[in-house]
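Thanks for making time this morning. I would like to walk you through a few side chains, and I will go slowly so that you can follow along on the screen.

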Amino acid sequence: MKMIQIHTDYITLGQFLKLADCISTGGQAKSFLQEAEIYVNGEPENRRGKKLVHQDQVRVEGCGEFQVVRS
C-alpha cells in the first residue's frame with residue numbers, strides 16, 4: 001500500500017487521482033471515474049469531489065492501493 005501525503009485537512013478524489021499518478025491531468029478525472037472501479041474504505045465511489053481525509057484507504061483498479069496520510 002502506497003502512502004499519499006497531504007498537507008491540508010482533506011483532498012478531493014479528483015485531486016487525489018492526479019497526486020497518486022493514476023491520471024496525468026485533473027481534466028481526466030471525470031472520464032476516469034466513469035471507467036475505473038474505485039473504492040474508498042471498501043465502498044464504491046465515483047464522485048470526484050468526494051473528500052478524502054487522514055487514514056482513508058483508496059483502491060483504484062489498475063493503479064493500486066493507497067492510504068491518505070496527513071503530514
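**An aromatic pair and its surroundings**

Let me start with F16, which counts as buried because its relative accessible area is 0%, under the 20% that serves as the cut-off. Please keep in mind throughout that what you are looking at is a predicted model.

How many aromatic pairs does the structure hold? There is one, and its members are F16 and F66, whose ring centres are 5.6 Å apart and whose planes meet at 85 degrees, so we call the arrangement edge-to-face. As for where these two rings come from, F16 belongs to helix α1, residues 13-19, while F66 belongs to strand β7, so the pair ties together parts that lie 50 residues apart in sequence. F66 is buried as well, with a relative accessible area of 1%.

Staying on strand β7, which covers residues 64-70, we come to Q67. Is Q67 buried or exposed? With a relative accessible area of 12%, Q67 is buried, and its side chain makes a polar contact, at 3.0 Å, with the side chain of Q55. If we set aside the neighbours within four places in sequence, the residues in contact with Q67 are M1, K2, M3 and I4, together with Q55, D56 and Q57, so that Q55 appears both in this list and as the polar partner.

Finally, there is one further ring to look at, that of Y10, where K51 lies over the face at 4.6 Å from the ring centre.

Notes
Residues are numbered from 1 along each chain as its sequence is written. This is a predicted model: local features need pLDDT of at least 70, side-chain atom pairs count only at pLDDT 80 or more; totals for chains, interfaces and linings use all residues. Side-chain values use heavy atoms; hydrogens and water are left out. Helices (H or I, at least four residues) and strands (E, at least two) are DSSP runs, numbered from the N terminus. Buried means under 20% relative accessible area, exposed over 50%, partly exposed in between (1.4 Å probe, protein chains only). A polar contact is a pair of N or O atoms within 3.5 Å; within protein, one must be able to donate a hydrogen and the other to accept it, and residues adjacent in sequence count only if both atoms are side-chain atoms. Contact means heavy atoms within 4.5 Å. Rings of Phe, Tyr and Trp (its six-membered ring) pair if their centres lie within 6.5 Å; planes under 30 degrees apart count as stacked, over 60 as edge-to-face and the rest as tilted. A charge sits over a ring if NZ of Lys or CZ of Arg is within 6 Å of the ring centre and within 35 degrees of the ring normal.
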